[in-house]
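Got your viewer open and a selection box ready? Let's walk through this one stop at a time.

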Amino acid sequence: GGRSRAQRISEGISLSDVVLEAVGNAKTTNNNNSSRFGKYLVITFGQKHVLTSAAFRTYLLEKLRVVRQSPGERNFHVFYQLC
């Protein structure tokens with residue numbers, strides 16, 4: 001393709017968000033799509049302020065939800081999408 005490295009990195013960041021949302025979001029009593037994780041994104045820029053790399057670090061904030069949910073809540077969305 002004719003896309004630059006910066007464009008490919010930017011697209012990768014955007015596309016990865018869908019996966020992170022499925023893995024880290026769950027239904028709670030207050031919100032049907034509540035984020036239960038944190039994301040730390042490191043972006044590196046080179047000369048002329050061009051995007052050269054990006055790396056995510058994801059922190060699951062609510063590990064207990066995998067084995068037990070409160071009444072009226074559900075597990076992480078990804079478990080329902082796999083069925």
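**The tour**

Start in a loop: select His 49, which is exposed, with a relative accessible area of 71%. His 49 sits in the loop between S3 and S4. Check the backbone while you're there: phi of His 49 is near 60°, a positive value in a residue that isn't glycine.

Keep that loop on screen and add Lys 48, which is also found between S3 and S4. Lys 48 has a positive phi of about 60° too, and again this is not a glycine. What makes that worth a click? Most residues other than glycine have a negative phi. As for the surroundings, Lys 48 is exposed, at a relative accessible area of 78%.

Before going on, colour by confidence, as this is a predicted model. The protein averages a pLDDT of 83, and 99% of the residues score at least 70. Where is confidence lowest, and where is it highest? The low end is helix H2 (residues 77–81), with a mean of 80, and the high end is strand S3 (residues 37–45), at 86.

Next, select residues 5–24, which make up helix H1. H1 has 20 residues and reaches 28 Å from its first C-alpha to its last, close to the 28 Å expected at 1.5 Å a residue. Now show the side of H1 that is hidden: its buried residues are Ala 6, Ile 9, Ile 13, Leu 20, Ala 22 and Gly 24. What covers them? The cover includes S1, S2, S3, S4 and H2.

Time for charges. How many salt bridges does a search of the whole structure find? The count is 2. The idea behind them is simple: side chains of opposite charge can pair when their charged atoms come close.

For one of the two, pick Glu 11 and Arg 3, whose closest N and O atoms are 2.7 Å apart. Glu 11 is partly exposed, with a relative accessible area of 37%, and Arg 3 is likewise partly exposed, at 39%.

Then jump to Arg 65 and Glu 73, where the side chains meet in a salt bridge at 2.8 Å, N to O. Are these two buried or exposed? Both Arg 65 and Glu 73 are buried.

Stay with that pair and bring in Thr 28, which lies in the loop between strand S1 (25–26) and strand S2 (34–35). Setting aside its neighbours within four places in sequence, Thr 28 is in contact with Ser 34, Arg 36, Arg 65 and Glu 73. So both partners of the bridge you just selected touch Thr 28. Thr 28 counts as buried because its relative accessible area is 8%, and the cut-off for buried is under 20%.

Now for a proline: select Pro 71, in the loop between strand S4 (51–60) and H2. Pro 71 is exposed, with a relative accessible area of 76%. If you want a distance to draw, run a line from Pro 71 to Arg 36: they are 35 residues apart in sequence and 17 Å apart in space, C-alpha to C-alpha.

Last stop, the rings. How many aromatic pairs does the structure hold? It holds 0. There is something else to look at, though: Arg 74 lies over the face of Tyr 80, at 3.6 Å from the ring centre.

Note on methods:
Residues are numbered from 1 along each chain as its sequence is written. Side-chain values use heavy atoms; hydrogens and water are left out. Rings of Phe, Tyr and Trp (its six-membered ring) pair if their centres lie within 6.5 Å; planes under 30 degrees apart count as stacked, over 60 as edge-to-face and the rest as tilted. A charge sits over a ring if NZ of Lys or CZ of Arg is within 6 Å of the ring centre and within 35 degrees of the ring normal. pLDDT is the predictor's confidence in each residue, from 0 to 100. Helices (H or I, at least four residues) and strands (E, at least two) are DSSP runs, numbered from the N terminus. Buried means under 20% relative accessible area, exposed over 50%, partly exposed in between (1.4 Å probe, protein chains only). Contact means heavy atoms within 4.5 Å. The expected span of a helix is 1.5 Å times one less than its number of residues. A salt bridge is a side-chain nitrogen of Lys or Arg within 4 Å of a carboxyl oxygen of Asp or Glu.
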